[in-house]
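Visitor: Before we look, please explain each term by setting the value against its cut-off.
Guide: Gladly; let us take the contacts and then the strands.

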Amino acid sequence: MGLLGSSSSCSSLVAVVLVLNVVVVCNGGKTSTFVRKVEKGIDMPLDSDVFQIPPGYNAPQQVHITQGDHVGKAVIVSWVTMDEPGSSTVDYWSENSKEKKQAQGKIVTYKFSYYTSGFIHHTTIRKLKFNTKYYYEVGIGHTTRQFWFTTPPEVGPDVPYTFGLIGDLGQSFDSNMTLTHYELNPQKGKTVLFVGDLSYADNYTNHDNVRWDTWGRFVERSVAYQPWIWTAGNHELDFEPKIGETKPFKPYTHRYHVPYKASNSTAPFWYSIKRASAYIIVLASYSAYGKYTPQYKWLEAELPKVDRTETPWLIVLMHSPWYNSYNYHYMEGETMRVMFEPWFVKYKVDVVFAGHVHAYERSERVSNIAYNVVNGICTPVKDQSAPVYITIGDGGNLEGLATNMTEPQPAYSAYREASFGHAIFDIKNRTHAYYSWHRNQDGYAVEADALWFFNRHWNPVDDSSNGQS
Ligand SMILES: *[C@@H]1O[C@H](CO)[C@@H](O)[C@H](O)[C@H]1NC(C)=O
Ligand SMILES: *[C@@H]1O[C@H](CO)[C@@H](O)[C@H](O)[C@H]1NC(C)=O
Ligand SMILES: *[C@@H]1O[C@H](CO)[C@@H](O)[C@H](O)[C@H]1NC(C)=O
Ligand SMILES: *[C@@H]1O[C@H](CO)[C@@H](O)[C@H](O)[C@H]1NC(C)=O
Ligand SMILES: *[C@@H]1O[C@H](CO)[C@@H](O)[C@H](O)[C@H]1NC(C)=O
Ligand SMILES: [Fe+2]
């Protein structure tokens with residue numbers, strides 16, 4: 001229950017108070033009173049256990065996987081070798097067949113200021129069976145390392161699936177806690193939807209790309225075994241003309257490949273995938289999105305393709321939030337909101353996950369699309385066709401928490417709290433998904449914020465926190 005009551009009681013309160021001619025501001029939902037020690041995050045030192053280089057000549061390191069096609073029958077396997085190029089071959093076999101198959105890939109390298117990368121391998125394994133556990137081996141010819149993953153079930157409307165949500169992770173001691181809490185959450189996320197800002201290597205002198213390598217080794221313990229779906233954040237830009245680095249996203253695009261061509265996108269920063277019963281659209285806060293731009297034209301053509309009878313759950317990922325009531329990055333997402341929000345309402349997006357603000361916030365279902373420059377109608381209103389907006393930029397990087405909030409809490413904001421954590425979006429069937437947010441200070445199973453999502457296409461009844469309480 002919100003501390004300040006539902007917005008309907010709020011509007012009647014306003015009516016009563018207006019008669020009494022007293023000024024009152026219509027407050028939003030809950031601002032959590034959970035209090036923690038606020039301090040800057042501290043990056044784990046280079047000799048930390050989580051950054052250890054695997055032993056052996058040319059041993060593959062920084063192993064990571066992501067979905068490799070539009071439907072989940074392909075996986076992109078990426079890793080780095082340091083001593084020599086070595087082989088980009090991946091050996092793989094399914095759990096119940098000992099017959100080894102091979103996939104061939106390619107190697108890329110790049111330089112950034114004084115830094116020269118290792119040999120970055122990207123190999124796509126295709127024609128996998130759905131819902132199957134596969135083992136895979138990399139480093140063929142020298143030191144080999146073995147991992148495994150499970151492919152998703154075939155795309156379909158009632159396929160349950162559990163997504164984890166992590167954003168703005170970095171490589172601090174808090175980041176390590178967030179990852180540990182995600183791994184040990186008994187709800188067992190099967191795929192991470194990552195909302196941008198990976199390594200924060202750009203915090204170091206000349207964006208010391210060694211910190212991209214340490215980040216790759218740090219998260220390997222999760223991302224070598226389950227796909228992380230990547231979104232580009234501002235800390236992926238690595239744009240630094242002072243040191244001659246004028247090509248944005250250079251380290252990110254060399255290290256993290258995504259299957260953008262499978263959704264007919266022309267750049268790796270915006271793309272879509274289907275996974276189980278979800279249709280996931282990844283947008284780019286730091287690529288052009290004005291009218292006639294490639295991203296705009298792609299999204300305009302993309303949204304009508306989403307078939308809710310096949311994938312009921314329409315999820316959008318982006319880095320910079322549109323609805324954010326913290327005094328950090330306030331209104332940075334505004335120009336993209338103006339361009340795309342009418343489409344999100346028209347196509348009934350279920351939920352939008354963003355990062356960027358280092359805290360947690362969940363909105364009511366609201367839209368703000370009536371304004372036309374002259375009519376003055378520019379306040380967010382409750383809208384059951386609109387998505388819920390969730391800011392989950394609370395992964396725990398070195399910049400620390402965003403604690404300063406706008407006051408009073410706006411009516412669109414249902415819950416906000418400045419704590420590090422992660423979330424789980426657990427799809428049960430075409431009508432129901434259970435969402436929970438978990439803060440790092442709690443036990444692994446504790447839900448600090450939770451609610452049922454009712455699907456906007458199949459079950460579009462009011463699922464706001466007020467409606468449920
Ligand atoms: C990171 O977390 C893991 C798992 O909890 C732990 O084993 C490791 O010691 C931690 N490392 C650091 C540097 O905090
Ligand atoms: C991409 O475009 C091709 C050619 O127009 C089309 O056949 C295919 O269905 C499109 N794929 C997606 C995912 O939209
Ligand atoms: C690195 O992060 C700290 C903590 O937020 C900040 O004070 C500092 O300005 C950052 N340095 C660079 C070079 O970005
Ligand atoms: C919070 O942010 C507001 C707006 O930017 C600023 O005026 C205020 O000083 C900040 N408060 C603190 C405690 O930093
Ligand atoms: C969908 O899942 C919800 C929550 O688990 C359940 O209450 C409901 O009965 C399910 N619907 C169907 C048709 O199984
Ligand atoms: Fe960011």
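Visitor: What makes the pair formed by an oxygen atom of ligand 3 and the side chain of Asn203 a polar contact?
Guide: In this predicted model, an oxygen atom of ligand 3 is 2.3 Å from an N or O atom in the side chain of Asn203, and because a polar contact is a pair of N or O atoms within 3.5 Å, the pair qualifies. Around ligand 3 are Lys40, Asn203 and Glu399, and the protein covers 43% of the 360 Å² of accessible area that ligand 3 has on its own.

Visitor: How do you know which residues surround ligand 5, and of what classes are they?
Guide: A residue counts if one of its heavy atoms lies within 4 Å, and those surrounding ligand 5 are Lys428, Asn429, Thr431, His432 and Trp452. They divide into one nonpolar, three polar and one charged. A polar side-chain atom of Asn429 lies 2.3 Å from an oxygen atom of ligand 5, and of the 360 Å² of accessible area that this ligand has on its own, the protein covers 36%.

Visitor: Why are strands E10 and E11 said to pair?
Guide: Pairing requires at least two bridges, and six bridges join E10 (residues 133–138) to E11, the two running antiparallel; in one of them, Tyr134 has Phe149 of E11 as its bridge partner.

Visitor: Why do strands E5 and E11 stand at the edges?
Guide: The open sheet has the order E5-E4-E10-E11, with antiparallel pairing. Strands E5 (101–103) and E11 (145–150) each have a single partner strand, so one side of each is left without a neighbour in the sheet.

Note on methods: Residues are numbered from 1 along each chain as its sequence is written. Chains are lettered from A and ligands numbered from 1 in the order in which they are written. This is a predicted model: local features need pLDDT of at least 70, side-chain atom pairs count only at pLDDT 80 or more; totals for chains, interfaces and linings use all residues. Side-chain values use heavy atoms; hydrogens and water are left out. A polar contact is a pair of N or O atoms within 3.5 Å; within protein, one must be able to donate a hydrogen and the other to accept it, and residues adjacent in sequence count only if both atoms are side-chain atoms. Accessible areas come from the Shrake-Rupley method with a 1.4 Å probe; for residues, only the protein chains shown count as cover. Ala, Val, Leu, Ile, Met, Phe, Trp, Tyr, Cys and Pro count as nonpolar, Asp, Glu, Lys and Arg as charged, and the others, Gly among them, as polar. Helices (H or I, at least four residues) and strands (E, at least two) are DSSP runs, numbered from the N terminus.
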